[in-house]
Amino acid sequence: MSTVWRVDAHQHFWRFDPAAYGWIGDDMAVLKRDFLPAELRFELDIRHIGGSVAVQARASEAETDFLLGLASSNPWILGVVGWIDLRAGDLESRLEARASSAVLKGYRHQVQDDPSPSAFLEDGRFNRGVETLQRGGKVYEVLIHAKDLPAAIAFCGRHDLGPLVLDHLGKPDVRHESAAEWARRIAPLAAQEHVSCKLSGLITEAHWHGWDERDLLPYLDAALECFGPSRLLFGSDWPVCLLSGTYDQVCGLAGKATASLSEAERDAVWGGNACRHRQSLNAGACHGFADKGQSVSRDRRRFRHRRRHIRCAGP
């Protein structure tokens, strides 16, 4: 059994305010309360997960500072992906104001919630902002729905100065689109070596109270086939995952998807890749990954014999 710490690379914290978190609708009653570190720490400890990456959940620099404050008092919060107005004229000075924070690893904008996400991804000021982030060594995370995948492919192609991370597998339409078709459509994005993908958020794309892991595993297989184990990161999407299941179910689904990998490949998906993408988050959490990284295949063809029913049709 591996002794390397595991990392939950995608989760959220908030003090619930209906006005601030307007995306939490009436059908999401389970999310209408505070979610803070002590509750997540309990879930992590049960599953021997050493730490997590806290990700923004609203377009607010105040929330970014809130997450940084939580990380300062909970050192197992290994990184923060915050929000900043990437179209602001004073973006560089805003970034500089938080430049001393070692735990602030990147930024995300909830593009999926824009009235026209594809057009937003083409916005000139936004693209200049992402370029500024990358030149400063920060990661940008891409949050879209499946319908905007073509725009995301073009967007990622324009921004190869640093790593990009696709959240939630790009939110495949698991209710209407087969995993094989999803693999075909995501292949051009997976072919961009600077783009990684989070194995997260899938159960909330399915019917919340009627999903079956047998229906979802093919989409995780598609991600493994297309991106390979060296560019995938496990994330729970807690507490949003509670809309459709438990933390244990999320971990179980990812565990089954990665069961056929080598130990080094599993370690990469369950934490090693997060450490590398986040500039080694912290020395304790990433202990043991450095000497295993070279044994994780970057050649997707070596993985294909394990998932013959899924073909990634890209280059």
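C156 is buried in this predicted model, with a relative accessibility of 2%. C197 is buried too, at 1% relative accessibility. Neither fact comes with a disulfide, since the structure holds zero of them. Below is a friendly tour of the cysteines, the α7 region, the nonpolar cores and the salt bridges.

**Cysteines**
- The structure contains zero disulfides.
- For C197, the nearest cysteine sulfur belongs to C226 and sits 9.2 Å away; a disulfide needs the two sulfur atoms within 2.5 Å, so C197 is in none.

**Helix α7 and the loop after it**
- Helix α7 spans residues 179-190, and its buried residues are A179, W182, A183, I186, A187, L189 and A190.
- These residues lie on the same side of α7, because they cover an arc of only 155 degrees around the axis.
- As background, an α-helix has 3.6 residues a turn, so residues three or four places apart point the same way.
- Q192 belongs to the loop between α7 and β7 (195-199).
- With a relative accessible area of 14%, Q192 is buried.
- Setting aside residues up to four places away in sequence, Q192 touches I153, C156, G157 and R231. C156, one of these contacts, is the buried cysteine at 2% relative accessibility.

**Nonpolar cores**
- The largest nonpolar core has 86 residues, and F13, W14, F126 and Y140 touch the most other members.
- Helix α8 (residues 213-227) gives the most to this core, with nine residues.
- Beyond its neighbours within four places in sequence, W14 has contacts that include Y21, W23, F35, F66 and P239, as well as the charged residues R33 and D34.
- Another core, of eight residues, lies apart from the largest one; A9, V53, V55 and A274 are among its members.

**Salt bridges**
- The count comes to 22 salt bridges.
- E193 and R231 pair through their side chains at 3.6 Å, N to O. E193 lies in the loop between α7 and β7 and R231 in the loop between α8 and β8 (232-234), so this pair ties together parts 38 residues apart in sequence.
- Of these partners, E193 is partly exposed at 44% relative accessible area, whereas R231 is buried at 3%.
- Salt bridges with shared partners join E61, D65, D90, R94 and R98 into one network.
- Within that network, the closest N and O atoms of D90 and R94 are 2.9 Å apart. D90 is partly exposed at 37%, and R94 is partly exposed at 27%.
- K32 and D26 also form a salt bridge, at 3.2 Å, N to O. Here K32 is partly exposed at 34%, while D26 is exposed at 72%.

Definitions and conventions: Residues numbered from 1 in each chain as written. Predicted model: local features only at pLDDT ≥ 70, side-chain atom pairs only at ≥ 80, totals over all residues. Heavy atoms only, no water. Buried < 20%, exposed > 50% of the residue type's maximum accessible area, 1.4 Å probe, protein only. Helix = DSSP H or I, 4+ residues; strand = E, 2+ residues; numbered from the N terminus. Arc of directions from axis to C-beta. Contact = heavy atoms within 4.5 Å. Core = buried A, V, L, I, M, F, W, Y, C linked by side-chain atoms within 4.5 Å. Salt bridge = Lys/Arg side-chain N within 4 Å of Asp/Glu carboxyl O.
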